[in-house]
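Me: I've got a model open and would like to talk through how it's put together. Mind if I fire off some questions?

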Amino acid sequence: MDRIVQGMSINEVLKNLRSIDDYVICNTARDLSQSDFKNRILLHTDLLTAEAREKAGYFSLEITGGASVHVDILRKQVDPFLKLELLRQKMPNTMFQTLCRGVNLFGYRPYPQNVIRFTVKEFAKYVDVWRVFDFMNHIPNMQSVFEEVQLAGKILEPCICFSTGPEHTDDYYVKKVGEILEVTGDEILLCIKNHGGLGTPKRIGDLVAAIKDKYPDMVIHYHGHNTDGNDIGRITAAILNGATIVDAADHAFTGYFGPPPLLSVIQTLEEYGKTAVGIDVDAVIETSEILRDERPHYELFESQFKGFLPTVQIHKLPGGAMGSSFEQAVKGGFLDRMPEILHDELPRVQKELGNYWSVTPGSQILWTTAVSNVMEGERYGNCSGDLKNLLLGKYGPFPFYQPADWIYEKAFGPDWRKTLEEEGGIEEIEDMDIDKERETLEERLGYKPTEQQLVTYLQHPNDAVDFFKFEEKFGRSYVLPPSIFLKRGGFTLGETIEFTDCNGKEHLIQVGPKQKNEDGNINVYLNVDHFQRVYVMEAEQAAAGAAKQAEMSKEEIADLATIGDLRAPFSANVCEVVVESGQKVEAGDRLIMLEAMKMQTPVVTEAAGVVEKISVKVGDAVKPGDKLVKLVIAE
Amino acid sequence: MKKKILVANRGEIALRIIRAIQELGHIAVAIYETPDSAALHIRVADEAVLIGDGPRSDYLNIDTVIKAAKNHDVDAIHPGYGFLAENPDFARACEENGIIFIGPSSEVIHNLGNKVIARQIMKEAGIPMVPGTSNLSLGDAGLQEALDFAAEYKYPIMLKATTGGGGRGIRLVENDEQLKIEYPVARAEAKAAFNDENVYLEKVVVKPKHVEVQVMADRFGTTVHLGTRDCSIQRRNQKLVEIAPSMIPDQNLLDRICDTAVKATRAANYFNAGTVEFLIDHDKNFYFMEINTRVQVEHTVSEMVTGIDIVRTQIKLALGKKLAFAQEDVQLRGHAIEMRINAEDPQNDFMPEGGKTVSVYRSPGGYGVRLDGFVYQGFTIPEVYDSLLVKLTVFGFSWHETVDRLRRCLKNYVITGPKTTIPFYLNLVNDPDFQKGDFDTSYLETHQHLFDYTVDVSEVNKLARLIAEIHHKKENKYAA
């Protein structure tokens, strides 16, 4: 078989894949970054390895999608499109692969159809292989993405999300594959998406065999995670039973919850007489040699929970969510309660909520519910907006069974049946007026946005605007290596910083002294390309002190709410202001929508009244006790 | 013989004059006020005298300057422009103290500085003039004279302070009502500013071009001109951009203007360097405006196209030399444009940016580029003086070449700290009308889009700012 390269037609690719008895590899760099480094591996690092990875001869490089699009703009300050463009320049032959959450795209809740199609169309200019899934395995949720990918002439790779439990039988999955084929036709790759790294090698082998039995021509791509340290076993079983593509990652960055090391996969399967087609082992090793030097800069993003975690078979958290979950546990101060949350509550919640697939956004719902159940003391006492939507079937029908009535009652009160009847079912999301959004974006930026900027904006409006403004102010910072961009605690006096900017111009910056101004601000002196410059920085301690004082207790916040002074109950971002000043509101009305930990929570008034003052706007970050809305309570 | 010459000025022009003095092998003496302690002209001069804390008052104080000159046994004083340059009392004080004043005589300065006398001299010499009055009578009689003049020559008219200059004491009047209001105000303002409440009227030439002629005269009866300059691009009567020669495509007209300028200079019994200013209306009528009895800010453009060092010539003439060239020796070649790079924010009504420190100063160079400035990296611009940082003068064989060179130079300029007029000028050089050489004094009013720009910060400076932030913050939020 010839090496499969970017630009080949789908038929050619499939013909090649069907003709081999061996297998090919997808380098799952994005999933590795997401699972083990909170998605923070910088483009700079990916560019360093681009040549070696190109030479290594992968079927594809999974380098975008999942949460990475959001993290690109939110944390890494890199344009997700520019990233692909720059990598493409250095990697002309390797196909790029993405992970798309169906109707939820690269976000956490459903997008309008026209936004989905627009987004897929723009990304399809760079992305060759589209892995598409839905956490409910609900095919209609993926259909528009399927159509757009096929329309763009790109390779479609629909997923069956995999999990374990009495309902998760071969029969169920084979039937699901049939349903997918009805929609897509035969010219696809099929992904077994084992995001948790669940099941034993035998279980995966059986599943692959069952699918191949029914659909012998099917090209199966097995995707797994090494959370329990045993994914190579599952990969081996998958290949031996007829899978053609597997996921693995560069070994210098592995070690936790992402895919297993490429080289180990290659070596293991070699013994079974299976060759990784097209792979240049030296280039695989070379890539890791480059990455090894970079890894120390990313230490902060590594899991706080060290070592493999075979208990994933109990709690089923997906590899891609492990890092962020532990991070929340550390920031929320409940890392010590993790065993209880992971081994008792999460499996219980999972069963209670229908034993669907623990993957975004469903995994976040399970996780937040479990955390809230443990931390609040009352199970389902504080249902998030997203949990309610799940119960109402807004994400799709429960695949196996509906949660028990008492959970509905907890969520919606005694009249829950009425609520379910009136509001239940998948909501038709109206198309967005994209032209109007373009105008809004232009207004917010002060210049005409590109179509790519618009797409990024439509995914995460506020974060996108912040990012574009960042770029305007700070330039294209992807040129900075992690040793600079992720530097903590400042540089040393006299330190020399070298980098090449996006125009290919080399620069040299020497760190000069810091000096306090009369007004308390700090002058930072830098010698930039042999010319001294001074940057005035605001003093920061004072602001931090003031914020600390303002923090209020839960009780205080609840008390104030009864007199119409609604405060933020937790640290969050304001994602929607529902009411206007002067508006009449009834008890139970939503006033503000807050978003924290990717989940939305409404701020609801308990009393009727008139909105007197709104203290926040969309995009504001609020801390517990910050003023949101002031109501004049009706007598 | 080595002479000692005091430069009674500051900023770029002080430096310009000191260079000429030193090139001639004479000794340059600088004076300065305390706010100018860090100024470059002090460093470059051979001797420097602190004349007081100022600000401005000591540079303007005749006694102080004369005293400094005498203490230092100075032979001559060059007044530059502004400050005491056109003050006849200062020229007279020099004359009385046996110091050579590098410029015309005090009498000529007095006559030409008084607009009414000047008009009288020019009228008698047959120089074309904008219709106007002599000094208006005091009180209501003066107002009636003004109303009568307006009735005869039609609005708009200009109310002007008889003693004045630099664009001050001038008011545009469009109708009778406005005239009644402005008349007493103008008088009061003239009195306050120049200690002379006399005002007069002139018919306003609508949207004229401002064209001036550089002249040089020795004491031996030779007067030559160095061609024209167009200074039409102004804001509030203050020049921003000057070019030489004028781009009016009518050589005959320009020749007539130059000849008239020489005639006017002779009529005034003029000596040394001067500038005869004219307004040209859209029907190619030209009118005498005034004679400036000093070296002009924009003298550089005439130097570039003639090859004649005006300041050097000024000194030599003052020291009694003959003009070393005749009119036929003066050949104009190519084009020159000068832009005044000011520490001002054009988008905020040219608000001065004094008090700010020039943290980066990188200037362009190369063929056809001339810089007359006095700032350096680390220099804090005094708040108490004018905002001119540096004059960028470029020379080119053709107009287009000159404009291209100017654009390149503006792009090469890096000045951080104060806002400057550079981004505004970059818009200006890209404006089609400017590129065609088509502008009059209404240019800025009719080209408001020139003010629409965003300052383009270089990529490395943006990234350096990010690095400064990462360096400064206790927590790197990008690594959190």
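Me: What share of the contacts in chain B with a separation of 6 or more comes from residues 24 or more positions apart?
Reply: Quick heads-up: this is a predicted model, where local features need pLDDT of at least 70, side-chain atom pairs count only at pLDDT 80 or more, and totals for chains, interfaces and linings use all residues. Residues are numbered from 1 along each chain as its sequence is written, with chains lettered from A and ligands numbered from 1 in the order in which they are written. Two residues are in contact if their C-beta atoms, placed from the backbone, lie within 7 Å. For chain B, the share you're after is 64%.

Me: How many of the seven residues of strand S11 of chain B are buried?
Reply: Strands are DSSP runs (E, at least two residues), numbered from the N terminus. Buried means that 20 or more other C-beta atoms, placed from the backbone, lie within 10 Å of the residue's own. S11(B), residues 238-244, is largely enclosed by the rest of the structure, because the buried count is six.

Me: Which residue stands opposite B:Glu338 in S14(B)?
Reply: S11(B) and strand S14 (residues 335-342) of chain B run antiparallel and are joined by four bridges; pairing takes at least two in DSSP. The residue opposite B:Glu338 is B:Glu242.

Me: And which residue takes a positive phi in the hairpin of S10(B) and S11(B)?
Reply: Strand S10 (residues 223-235) of chain B also runs antiparallel to S11(B), with four bridges, and B:Asp230 sits opposite B:Ile243. Two residues lie between the strands of this hairpin, and the one with phi near 40° is B:Arg236.

Note on methods. A residue is buried if 20 or more other C-beta atoms lie within 10 Å of its own, exposed if 12 or fewer, and partly exposed in between; C-beta atoms are placed from the backbone.
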